[in-house]
Amino acid sequence: IRMQTLILFGATGNLAQRKLYEAWYLLNAPDKPVALMGVAKSSLTQNDYLELIQKAIPNLSEEKWNRVKQNIRYWQVSELESDDYSEFTQTLHKFSPNYESKIFYFAVPTPAIQHLVKKLVEKKIIEKGNSSHCIALEKPFGQNGKDSTELYASISPYSSPTQTYNIDHYLAKNVLQEFFYQRVNNPMISK
C-alpha cells in the first residue's frame with residue numbers, strides 16, 4: 001500500500017473547512033489511506049479538531065469516518081514560531097513513519113509560506129529536490145504579479161520546481177473532483 005501524509009498549514013481556516021477537508025475525505029480509500037496532520041494557530045484539542053473536520057464534510061459515512069479519523073493529528077503552530085522544530089519533527093515521524101510521500105499544503109498568507117518553507121527545509125523536514133516531499137501553494141499568491149514573483153523567488157532556494165505545485169481551487173475544482181473520482185473508482189488508475 002502506497003501511503004501519503006497531507007500536512008495542512010492553515011488547518012482551521014475557511015479554505016480548509018470549505019474545500020480541503022471534503023477533498024481529503026474523498027481521497028481516502030481503504031487501500032490508499034491519506035493521513036492528515038493539521039497545523040494551525042488555534043488552540044484545539046485533538047477531539048476539537050476531529051469535530052471541526054467532521055462538520056466540514058457533507059454526507060459523512062460513519063463507517064468511513066471511523067476508519068479515517070485514526071489517521072488525523074493536530075499540531076498548534078505556536079511551537080513552530082520558535083527555532084526549535086524538534087518536537088514537531090518527532091511528532092510527524094511518529095505519526096507517519098511508513099508513509100512514502102508527504103504533501104506540505106500551505107493554505108496560509110504569503111509571509112507565512114515564506115517563513116515556513118525556509119524553516120522546514122533548514123530543519124530537514126522538507127528535503128529540497130526530494131520528489132516525495134511536495135509543496136502545494138494555495139491561491140492567492142500575493143496581491144499581484146509582483147507579489148507572486150517575490151514569493152517564488154523567496155522559496156526557490158529551498159525547493160525545486162518539480163516539487164512545488166500551485167493550486168487555484170476555483171479554476172481546478174471540476175478537474176480535481178474528476179481526478180479524485182477516477183483515482184478511487186477507475187480500476188486501471190487505482191492499481
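## A walk through the strands and two buried residues

Strand β4, residues 101–106, is largely enclosed by the rest of the structure, because five of its six residues are buried. That makes β4 a handy place to begin a tour of this predicted model.

**The whole chain**

The protein has 191 residues, and buried residues make up 46% of them. Its secondary structure comes to eight helices and six strands. Going along the sequence, these elements follow the pattern β-α-β-α-α-β-α-β-α-β-α-β-α-α. Contacts reach across the chain too: among those between residues at least 6 apart in sequence, 79% join residues at least 24 apart.

**How the strands line up**

Back to β4, which runs parallel to β1 and is joined to it by six bridges. If you would like a landmark for this pairing, look for Gln4, which stands opposite Ser101 in β4. Strand β4 also runs parallel to strand β5 (residues 133–138), and here five bridges join the two. Phe104 stands opposite Ile135 of β5. Helix α5, residues 110–122, belongs with these strands: β4, α5 and β5 make a right-handed β-α-β unit.

Now move to β2, residues 34–40. How many of its residues are buried? Seven of its seven residues are, so to speak, out of sight, and the strand is mostly covered. In a regular strand, side chains alternate between the two faces of the sheet. In β2, both faces are covered: Val34, Leu36, Gly38 and Ala40 are buried on one side, and Ala35, Met37 and Val39 are buried on the other.

Strand β2 has pairings of its own. Strand β1 (residues 4–9) pairs with β2 in the parallel sense over six bridges, and Met37 in β2 is the bridge partner of Ile7. Strand β3 (residues 72–76) is joined to β2 by five bridges, and these two strands also run parallel. Here Gly38 stands opposite Tyr74 in β3. Another right-handed β-α-β unit is made by β1, helix α1 (residues 14–27) and β2.

The parallel pairings are gathered here for quick reference.

| Strand pair | Bridges joining them |
|---|---|
| β1 and β2 | six bridges |
| β2 and β3 | five bridges |
| β1 and β4 | six bridges |
| β4 and β5 | five bridges |

**Lys64, a buried charge**

Lys64 lies in helix α3, which covers residues 62–68. Which side chain of opposite charge is nearest to Lys64, and how far away is it? That side chain is Asp31, 9.9 Å away, and Lys64 is buried yet has no salt bridge. A salt bridge would need a side-chain nitrogen of Lys or Arg within 4 Å of a carboxyl oxygen of Asp or Glu. Setting aside residues up to four places away in sequence, Lys64 touches Tyr25, Leu26 and Asn28.

**Ser159, in a loop**

Ser159 sits in the loop between α6 (145–155) and β6 (164–167). Is Ser159 buried or exposed? Ser159 has a relative accessible area of 6%, and buried means under 20%, so Ser159 counts as buried. Its side chain makes a polar contact of 3.1 Å with the side chain of Thr164. Apart from neighbours within four places in sequence, Ser159 is in contact with Lys128, Ile135 and Thr164. You have met Ile135 already: this residue of β5 has Phe104 standing opposite.

Terms used
Residues numbered from 1 in each chain as written. Predicted model: local features only at pLDDT ≥ 70, side-chain atom pairs only at ≥ 80, totals over all residues. Heavy atoms only, no water. Buried < 20%, exposed > 50% of the residue type's maximum accessible area, 1.4 Å probe, protein only. Helix = DSSP H or I, 4+ residues; strand = E, 2+ residues; numbered from the N terminus. Pairing = 2+ DSSP bridges. Right-handed = clockwise from strand over helix to strand, strands pointing away. Lys, Arg positive; Asp, Glu negative; His and termini not counted. Contact = heavy atoms within 4.5 Å. Polar contact = N/O pair within 3.5 Å; in protein donor to acceptor, adjacent residues only side chain to side chain.
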